[in-house]
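Colleague: Hi! I am new to reading protein models, and I would love a friendly walk through this one. Could we look at it together?

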Amino acid sequence: MAMAYRAGVPLKDMEFVQYHPTGLPGTGILITEGSRGEGGILVNKDGYRYLQDYDLGPPDPWPRKKAMELGPRDRLSQAFWHEAQKGRTIDTPHGDVVHLDLRHLGEKKIDERLPMVRDLAISYVGVDPVHDPIPVRPVVHYTMGGIDCDIDAKTSLEGLYAAGECACVSINGANRLGSNSLTELLVFGARAGRGAAELASSTESHADEAAIREQAETAQKRVGGLVQRAGGSESVAGLRREMNTTMETGAGIYRTEDSLGQSCVTMSDLRQRYANVELEDKSNVYNTDLIQALELGAMIDVAEAIAVSAINRKESRGSHQRLDFVERDDKTYLKHSLAHYDANNEPRIEYRDVVITRSQPGERVYGGEQK
Amino acid sequence: MSERQVELEILRYNPETDDEPSFQTFQVPCPEDWVVLDAINYVKDNLDRSLSYRWSCHMAVCGSCGMMINGEPTLSCKSFLRDLPDKIRIEPLANFPIERDLVVVMDDFMNKLGSVKPYLIPSEQKAVENGSYLQSPAQLKKFKQYTLCINCTLCYAACPQYAHNEGFVGPAALALAHRYNLDSRDVGRSARQDVVASNEGIWECSFVGACSDVCPEHVDPAGAIQQTKIASTLDYFLDLLPGRNQ
Amino acid sequence: MSRKPYIRSVSTTSWWTVQPRYIRYMAREVSCVLIGAYSAVVVIGLLRLAEGAAAWNAFLECLQKPTSIAFHLLALAFALYHTTTWFNVTPKAMPIQLGETQLPGGIIIGAHYAGWVVVSVVILFLVGV
């Protein structure tokens, strides 16, 4: 994302980051939505199926196909946050959790349909889902936003195509549904490939070798400079930790002007401090200190785009939820945000109307109560 | 969470400065639920930024983090400190050339994987508009186990034949060929034979079975190879009958 | 870029000593030497039988020497080890699928042991036991 961003392609809808409701505490390892699809339930510390308090439908009849636990991921993660505020989550050394209960499925069904879930739970949290509920909490899982591209995977930079999680067509809007990431890869990967092949075979090569060589040398100098830089005061791991903390605290499941403001300031600060990173590893063979440093630089730019896009969207929509602007505001914000890279400042945010062809935006109502 | 002082003895190698690899020791304070990968990440973040190694998913599905842990080929993200002593010896995966520290050169494996034609060879190519290739659950069950390989190459590190015969096609590649040979939609077995049933294919295997022992996904490449031996032998004798279709 | 991949050497003579699973493998393989030697003894016995009663009795006396008994016990142990390890892996070499389920490995292994018992009984019957 950072490569396209720095080359002038805007990052679209970056404020929409999906928290998957069921990750293992500590490692963040994902427990698939399939466990809820097979009938798993979520309960708080009182053993209560708390989702019924959050407009996700009645607990009964149960089991049924559209049970509460199969509600959209953003709503489930938000419900967790509220439960935590109310003190109804369970404390563990790795943060608070709720319980994903699969016991009623029975050993046979679990081994047949969810063998990996059983193995992960036993190995990484020491819990056998056949006998005990699994401790879970929301974990950052997917970025709905990404490199702005169209339905043919083309970006505003001719010859640059983007597909998959790094791209934003957008087909996922403000909250992605389960399994669509894989299908998105296949469909838009194919379109991107075909488009690129067509362009390559139909265009005469205008390659200006001298200009390209110069660009390459500039890039080499930049990376070489990073490797050779001496006397730096910042560490890759330290900056990374600070970035993680400020983004989780300020731009998490629920956001406020203050929390986002703090994140924007911190990210801008980290961007400047990044210039003082010194590598310990100066070698040329499989230098992972360099790789991590380059990735960190990219993450910092992208994280800043997320924080700034979020503070500018003064409403709640899908996975972007604000405690200070709780309603969805279609009048002002039925638009995609576009973050434009600025080498010296915060990104410039612009908006583009959402293209509506068939389905008008409606109210998000779950639990079988249709309007 | 209680912590434990763990000593990691890691085999280091920098091709630009070293003629040969040597061990370096690190003391790491480890929470009890850590895996070896967590300890290695701690070393890189806090003690020595120059340590190089591969990893990605941290949940034993990507196959990147294979290494020798106390002499056993293991995924470092699934190697729990609670099952290990206080001194842990970590080396790059056996039977592969060392690129740098814990990173090995995988080219030979990648070539062998490709050499067994690991893709569906149907009897006729069907256009998407003409529908999908149908397959029953029973037909899927026949080869499903062999689809689970995550290409971690622990099996190559465990295999003494691969250790001594670098031409050996190897467990994972042969298990992958078996996956396609068993697939009801595929008719490519004869197309794969010259690599699979060669002297450097299944016939190099003497059924040590170490590969299946260390496989984190229970693919059982040893079983796949023996089954292929039986099928190939039957083929060989049946081909002697006049009029048999190749 | 100055790559210089390092190739570690593996001993061709002592590679099998580093792990218990390799030692067990070599024991299984070495059993063929003892089984081969035992087969040679049986062949020699046949030859002695053909040479007449004196040769045959001398052969039988040889068999009862302590070294011979030790050898036979060792050969039997290795043969049993080879047989049991081999039987135990047969389900992996010839899996049998009925519908969507695999036939439990125990049945395949059990069938091998049963076959062994049957053949043994038949042979014992033939030699008049």
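**Domains, contacts and helix pairs**

Modeller: With pleasure. In chain A, the domain assignment gives domain 1 (2-15 + 145-198 + 209-353) and domain 2 (17-143); such bounds come from an automatic or database domain assignment. This is a predicted model, where local features need pLDDT of at least 70 and side-chain atom pairs count only at pLDDT 80 or more, while totals for chains, interfaces and linings use all residues. Residues are numbered from 1 along each chain as its sequence is written, and chains are lettered from A and ligands numbered from 1 in the order in which they are written.

Colleague: How many residues of domain 1 of chain A are in contact with domain 2 of chain A?

Modeller: Two residues are in contact if their C-beta atoms, placed from the backbone, lie within 7 Å. By that rule, 13 residues of domain 1 of chain A touch 13 residues of domain 2 of chain A. On the domain 1 side of chain A, the residues divide into 3 nonpolar, 8 polar and 2 charged. Here Ala, Val, Leu, Ile, Met, Phe, Trp, Tyr, Cys and Pro count as nonpolar, Asp, Glu, Lys and Arg as charged, and the others, Gly among them, as polar. The centres of the two domains of chain A, taken over C-alpha atoms, are 30 Å apart.

Colleague: And into which domains is chain B divided?

Modeller: Chain B has domain 1 (3-104) and domain 2 (107-238). Their contact takes 12 residues from domain 1 of chain B and 12 residues from domain 2 of chain B. On the domain 1 side, β3 (66-69) and β4 (72-75) of chain B are the elements that give two or more residues. Those names follow a rule: helices (H or I, at least four residues) and strands (E, at least two) are DSSP runs, numbered from the N terminus. By class, that side of domain 1 of chain B has 8 nonpolar, 3 polar and 1 charged residues.

Colleague: Now the helices. At what angle do α8 and α10 of chain A pack?

Modeller: Axes are lines fitted to C-alpha atoms, for helices over the stretch in contact, and angles run from 0 to 180 degrees between N-to-C directions. Helix α8 (residues 236-250) of chain A packs against α10(A) at about 20°, with the axes 10 Å apart. That makes α8(A) roughly parallel to α10(A), since angles under 35 degrees count as roughly parallel, over 145 as roughly antiparallel, 65 to 115 as roughly perpendicular and the rest as oblique. Among the residues that meet are L239(A) and M243(A) in α8(A), and L296(A) and I300(A) in α10(A). The contact of these two helices has 10 nonpolar, 2 polar and 1 charged residues.

Colleague: Is the crossing of α8(A) and α10(A) left-handed or right-handed?

Modeller: A crossing is left-handed if the near helix is turned anticlockwise from the far one by less than a right angle, and right-handed if clockwise. The α8(A) and α10(A) crossing is left-handed. In chain B, α2(B) passes α6(B) in a right-handed crossing.

Colleague: What about α1 and α3 of chain C: at what angle do they pack?

Modeller: Helix α1 (residues 20-51) and helix α3 (residues 66-93) of chain C pack at about 130°, with their axes 8 Å apart. That makes α1(C) oblique to α3(C). Residues in this contact include L34(C) and Y38(C) of α1(C), and L74(C) and F78(C) of α3(C). By class, the contact of α1(C) with α3(C) has 10 nonpolar, 3 polar and 1 charged residues.

Colleague: What pattern does chain C follow along the sequence?

Modeller: Chain C reads α-α-α-β-β-α, with 4 helices and 2 strands. For its spread, we use the radius of gyration, which is taken over C-alpha atoms; the globule rule is 2.2 Å times the number of residues to the power 0.38. A compact globule of 129 residues would have a value near 14 Å, but chain C has 22 Å. Its C-alpha trace spans about 80 × 50 × 20 Å along its principal axes.

Colleague: Last one: which element gives the most to the side of chain B that touches chain C?

Modeller: The contact takes 26 residues from chain B and 20 residues from chain C. On the chain B side, α9(B) gives the most, with 5 residues.
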